[in-house]
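Before the terms are used, it is worth asking what each one rests on. The questions below take the labels one at a time and set the computed values against their definitions.

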Amino acid sequence: MYRIEDQPAAIREVQRLLGINQTAFYDKPTRDAVIEIQTKYDLEPNGVTDYLTFNAIIENHKMSVSENANNQYLFTPTFPYKKGDMDDNVGT
């Protein structure tokens, strides 16, 4: 199973999108920020960055940037992802 928590580059990407310190470790501040997003978007608040959570993080980031910049924001994540990359149903 692919887990974002196991990939330093993916962790940095999530931390960047969350606007927190980029440690490349899935540490407590990262987990807490992920849980905050999961709660905001009515996802299971388990602290795991799965596909739905990663999309919620991206959406939250886009909204935050748009509100701050007051313009249209086009987002391209630096970490490649697609449905199934972080899905718990993907085989190991």
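Q: What makes the contact of the E13 and R16 side chains a salt bridge?
A: In this predicted model, the side chains of E13 and R16 come together at 3.0 Å, N to O, and a salt bridge is defined as a side-chain nitrogen of Lys or Arg within 4 Å of a carboxyl oxygen of Asp or Glu; the pair therefore satisfies the definition. Local features need pLDDT of at least 70 and side-chain atom pairs count only at pLDDT 80 or more, whereas totals for chains, interfaces and linings use all residues. Residues are numbered from 1 along each chain as its sequence is written, and side-chain values use heavy atoms, with hydrogens and water left out.

Q: How are E13 and R16 placed along helix 1?
A: They are 3 residues apart in helix 1 (residues 8-18), which means a separation of about one helical turn. Helices here are DSSP runs of H or I with at least four residues, strands are runs of E with at least two, and both are numbered from the N terminus.

Q: Why is E13 called buried?
A: Its relative accessibility is 3%, and buried means under 20% relative accessible area, exposed over 50%, and partly exposed in between (1.4 Å probe, protein chains only), so E13 falls in the buried class. R16, with a relative accessible area of 31%, is partly exposed.

Q: How do you know that D32 and K28 form a salt bridge?
A: The closest N and O atoms of D32 and K28 are 2.8 Å apart, and because this value lies within the 4 Å limit, the pair qualifies. Both residues lie in helix 2 (residues 28-40), 4 residues apart, about one turn of the helix.

Q: Which class does the accessibility of K28 give, buried or exposed?
A: K28 has 57% relative accessibility and counts as exposed, because that value is over 50%. D32, at 34%, is partly exposed.

Q: Why does the pair E59 and K62 count as a salt bridge?
A: Their side chains meet at 3.7 Å, N to O, which is within 4 Å, so the label applies. E59 and K62 are 3 residues apart in helix 3 (residues 51-69), about one helical turn; E59 is partly exposed at 33%, and K62 is partly exposed at 28%.

Q: What is the pattern of the protein along the sequence?
A: The pattern reads α-α-α, with 3 helices and 0 strands, and the structure holds 3 salt bridges.
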